[in-house]
Amino acid sequence: MANFNTISCEKLARLIGTPKAPVIIDVRTPEDFAENPFLLPASLRRDYSDVADWAGSFRGRWVVVVCQKGRKLSEGVAAFLRLAGAEAENLEDGFEGWRDLGLPLLPAEKLPPRNTNGATLWVTRTRPKIDRIACPWLIRRFVDPAAAFLFVAAPEVEAVAERFGATPFDVDGVFWSHRGELCSFDVMVEEFGLLLPALGQMARIVRGADTDRLDLEPQAAGLLAISLGLSRMYASDLEQLDQGMLIYDALYRWARDAMDEKHDWVVRGGKG
């Protein structure tokens, strides 16, 4: 059981990927990070030495602080954050504890650069249906909760990416896109090292719906129908994305926790 003002790796792992996940801040020293250049999913890097300057930006938020072993750095930074008005805990056993449990870690080299606001910026084609909603969901829940998305005319995606420093996805000829039979969501799950059973299940459903292979999983046809309906409900791509987040939140929790649950209506008392 975690000590006071700490959270266990197992509990944090259950929260990541859900809308109720805390902000996760990695404050390992540059030397420790260089030795293990990986990050917990959905985490961001901050320098512990100037915590007094940035702690106030997390006032009123729930924060989990990660250092190498869950000792002095995370304890100190969490205390500064509480002083600034955050609800802050340190990760029990730190980065090493998370790694030793075999929990997912993002390779830092695969993460796009952050803009001046500290967020990653992505760009794709307008009028999203499946992959272009599923991928932003994955990014916001497991890579960068503050990620921003630009939806532009298909021929302009790569030019916009170059001019505005955005990362293009789900268009031909870019890194984050379809590869063979895999869709963009598959590629992101694999490249980011997010090899969780629930995300693997979701990837097959998304692939089936996005590539007209509805035989891959029974749920693929349902996701296609919901996605097409959602695209006709909203003229704004950003509104559609906001609403679509809930669809994928529910699909993730089903894949993680409820796949074995059945629902049936049993008629009792004879005919009629």
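Which residues is Leu106 in contact with, leaving aside its neighbours within four places in sequence? In this predicted model, the partners of Leu106 are Pro37, Phe38, Leu39, Leu40, Pro41, Ala42, Leu111, Phe142, Val143, Phe192 and Leu194. Leu106 itself sits in strand β7. With a relative accessible area of 1%, Leu106 is buried, because the cut-off for that class is under 20%. Asp47 offers a useful contrast to these contacts: 59 residues separate Leu106 from Asp47 in sequence, and their C-alpha atoms are 19 Å apart in space.

It helps to step back to the whole chain. The protein is built from 11 helices and 10 strands. Its radius of gyration is 20 Å, which agrees with the value near 19 Å that a compact globule of 272 residues would have. Along the principal axes, the C-alpha atoms fill a box of roughly 65 × 60 × 30 Å. Of the 272 residues, 48% are buried. Contacts that span long stretches of sequence are well represented: among those between residues at least 6 apart, 68% join residues at least 24 apart.

The surface can be described in similar terms. The accessible area comes to about 14200 Å², and carbon and sulfur atoms account for 53% of it. As for charge, there are 32 positive and 39 negative side chains, with the centres of the two sets 4 Å apart.

Among the helices, α6 deserves a paragraph of its own. This helix covers residues 131-142, and its 12 residues reach 16 Å from the first C-alpha to the last, close to the 16 Å expected at 1.5 Å a residue. In an α-helix with 3.6 residues a turn, residues three or four places apart point the same way. In α6, however, burial extends to 12 of its 12 residues. The buried set includes charged residues, among them Asp131, Arg132, Arg140 and Arg141, together with others such as Ile133, Trp137, Leu138 and Phe142. The cover over α6 includes strands β7 (106-107), β8 (121-125) and β9 (148-152), along with helices α8 (184-191), α9 (197-210) and α11 (237-258). Phe142, one of the buried residues of α6, is also one of the contacts of Leu106.

Just ahead of this helix comes Pro128, in the loop between β8 and α6. Pro128 is buried, with a relative accessible area of 0%. Beyond four places in sequence, Pro128 touches Ile133, Phe151, Ser231, Asp237 and Gln240. One of these partners, Phe151, is 23 residues away in sequence, with a C-alpha distance of 8.3 Å. Ile133, another partner of Pro128, belongs to the buried residues of α6.

Two further positions round out the picture. Gln68 is placed in the loop between β5 (62-66) and α4 (72-83). Its relative accessibility is 12%, so Gln68 counts as buried. Not counting residues up to four places away in sequence, Gln68 touches Arg28, Asp32, Asn36, Asp93, Gly94, Phe95 and Glu96. Ala52, by contrast, counts as exposed because its relative accessibility is 59%, over the 50% cut-off. Ala52 is found in helix α3, which covers residues 51-54. Between Ala52 and Leu194 there are 33 Å from C-alpha to C-alpha, and the two are 142 residues apart in sequence. Leu194 also brings the account back to its opening, as one of the residues in contact with Leu106.

Terms used: Residues numbered from 1 in each chain as written. Predicted model: local features only at pLDDT ≥ 70, side-chain atom pairs only at ≥ 80, totals over all residues. Heavy atoms only, no water. Helix = DSSP H or I, 4+ residues; strand = E, 2+ residues; numbered from the N terminus. Rg over C-alpha atoms; globule rule 2.2 N^0.38 Å. Buried < 20%, exposed > 50% of the residue type's maximum accessible area, 1.4 Å probe, protein only. Contact = heavy atoms within 4.5 Å. Areas by Shrake-Rupley, 256 points an atom, 1.4 Å probe, with all protein chains shown as cover. Charge placed at Lys NZ, Arg CZ, Asp CG, Glu CD. Expected span 1.5 Å × (residues − 1).
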